[in-house]
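Hi everyone, thanks for making time this morning. Let me put the structure up on the screen, and then we can walk through it together.

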There are 2 protein chains.
Amino acid sequence: MQTQNELFVKMALDIWNAYINRADTLVNSLTDEQLQHEVSPGRNSGVYLVGHLATVHDGMLPLLGLGDKLYPELENIFLKNPDKSGLPKPSINEIREHWKTVNEKLALHFYKMNSDDWFQKHSAVSEEDFEKEPHRNKLNLVINRTNHLSGHYGQMVFLQASASE
Amino acid sequence: MQTQNELFVKMALDIWNAYINRADTLVNSLTDEQLQHEVSPGRNSGVYLVGHLATVHDGMLPLLGLGDKLYPELENIFLKNPDKSGLPKPSINEIREHWKTVNEKLALHFYKMNSDDWFQKHSAVSEEDFEKEPHRNKLNLVINRTNHLSGHYGQMVFLQASASE
């Protein structure tokens, strides 16, 4: 028998997984050359966005109490600075690898978490604030990050060849 | 005392409201001329995307059992056919108005719904399927539509003047 908590967790994780899979399929389908293009003239490149998503997802590990970041060095390149910062970036292959590794690491942890774990506070909220704002839990963080991912996914589809209209 | 259901409804509606507000602020900040541009070369125009979102959100009314669509005639233009279909579109002012009206209508209904209503099935699921798949409830539909909105919001930000980099 499924509890209400289990039901919520399924709802939130189903859509996280759906967008992770969609984005992963897209990234795998794009050539290195396509990934180097800007998603729209003057905007971020595909490479930057994949690196940005990998970095943000990596940051979920400590926020969810699942361990340290795997690639803390990416933060300066893909989070604190814009695409055209002039900072040297990892190679496209490394960025593809980071994206894959971080998401797999999260999936492995998520698989082991039980439904009550998800309603605990994430590490960026104090005990005191969490008492007043119990919605600031781990599951809520995933819901927020899913929408962050959807937004950039919506941009990265432009790297695909345009359908003739 | 907040129940688990109330907590989860708050989590899902908070992010729906956040993206509705973000998108609304963006649409209001764009001139009619900016809205007529394509979000990226060869892709949908801002006008089409606002019409598309208004149409999809309008479709939530019957799906959530909240009444009939306000503008069923938009479906053919903004859902079943692409931007360059050649079908005559409403004026930009009318599209802005539809976007606003539909979202306000939803907000009014959401305000009145209690947390148990949200865990009832939406109208596109049969009773039989819902028994086996209780996650296909009204709140789940909103979670899905929030991510749909985030994706198009991520595209519509390109209608803003590009920051110098």
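Here is something to look for while you get your bearings: leaving out residues up to four places away in sequence, which residues does A:Asn5 touch? Please keep in mind that this is a predicted model.

The answer takes us across two chains: A:Asn5 touches A:Ser115, A:Asp116 and A:Phe119, and also B:Gln4. You can find A:Asn5 in helix H1 of chain A, which covers residues 4-29. Is A:Asn5 buried or exposed? A:Asn5 comes out as buried, because its relative accessibility is 13% and the cut-off for buried is under 20%.

Now stay on that helix and look for A:Asn28, which is also found in H1 of chain A. This one counts as exposed, with 55% relative accessibility. A:Asn28 also has a partner for us to locate, A:Arg96, which is 68 residues away in sequence. From C-alpha to C-alpha, A:Asn28 and A:Arg96 are 8.4 Å apart in space.

Let me zoom out to chain A as a whole. If you count elements, you will find 7 helices and 0 strands. Reading from the N terminus, the order is simply α-α-α-α-α-α-α. The C-alpha atoms fit a box of roughly 50 × 35 × 25 Å along the principal axes. How does the radius of gyration of chain A fit with a compact globule, and what value would we look for? For 165 residues, a compact globule would come near 15 Å, and chain A has 17 Å, which agrees. Of those 165 residues, 50% count as buried. And if we take the contacts in chain A with a separation of 6 or more, 69% of them come from residues 24 or more positions apart.

Next, helix packing. Two packed helices are described by the angle between their axes and the distance between the axes. The pair I would like to show you in chain A is H3, residues 46-63, and H5, residues 92-112. What are the angle and the distance for this pair? The angle is about 30 degrees, and the axes are 9 Å apart. That makes H3(A) roughly parallel to H5(A), since angles under 35 degrees fall in that class. The crossing of H3(A) past H5(A) is left-handed.

If you would like to click on side chains, the H3(A) part of the contact includes A:Val50, A:Leu53, A:His57 and A:Leu61. On the H5(A) part, look for A:Ile95, A:Trp99, A:Val102 and A:Phe110, among others. Sorted by class, the contact of H3(A) with H5(A) has 12 nonpolar, 5 polar and 2 charged residues.

Let me turn to chain B and its own H3 and H5. Here the axes of H3(B) and H5(B) come within 9 Å and cross at roughly 30 degrees. The two helices are therefore roughly parallel to each other. Their crossing is left-handed. Among the residues in the contact are B:Val47, B:Ala54 and B:Met60 of H3(B), with B:Ile92, B:Leu106 and B:His109 of H5(B). By class, the contact of H3(B) with H5(B) divides into 12 nonpolar, 5 polar and 2 charged residues.

Just ahead of those H3 helices there is a serine to point out. In chain A, where is A:Ser45? A:Ser45 sits in the loop between helix H2 (32-36) and H3, and A:Ser45 is buried at 8% relative accessible area. Setting aside neighbours within four places in sequence, its contacts are A:Leu35, A:Gln36, A:His37, A:Glu38 and A:Asp83. For a longer view, A:Ser45 and A:His135 are 90 residues apart in sequence, and their C-alpha atoms are 34 Å apart.

In chain B, B:Ser45 lies in the loop between helix H2 (32-36) and helix H3 (46-63). B:Ser45 is buried, with a relative accessible area of 8%. Beyond residues up to four places away, B:Ser45 touches B:Leu35, B:Gln36, B:His37, B:Glu38 and B:Asp83.

One last stop: B:Asp117, in the loop between helix H5 (92-112) and helix H6 (127-132) of chain B. B:Asp117 has a relative accessible area of 27%, so this residue is partly exposed. Its C-alpha atom is separated by 39 Å from that of B:Thr31, 86 residues apart along the chain.

That's my tour, and I'm happy to rotate the view for anyone.

Key: Residues numbered from 1 in each chain as written. Chains lettered and ligands numbered in written order. Predicted model: local features only at pLDDT ≥ 70, side-chain atom pairs only at ≥ 80, totals over all residues. Heavy atoms only, no water. Axes fitted to C-alpha atoms, helices over the stretch in contact; angles between N-to-C directions. Helix = DSSP H or I, 4+ residues; strand = E, 2+ residues; numbered from the N terminus. Parallel < 35°, antiparallel > 145°, perpendicular 65-115°, else oblique. Left-handed = near helix turned anticlockwise from the far one by under 90°. Contact = heavy atoms within 4.5 Å. Nonpolar A, V, L, I, M, F, W, Y, C, P; charged D, E, K, R; others polar. Rg over C-alpha atoms; globule rule 2.2 N^0.38 Å. Buried < 20%, exposed > 50% of the residue type's maximum accessible area, 1.4 Å probe, protein only.
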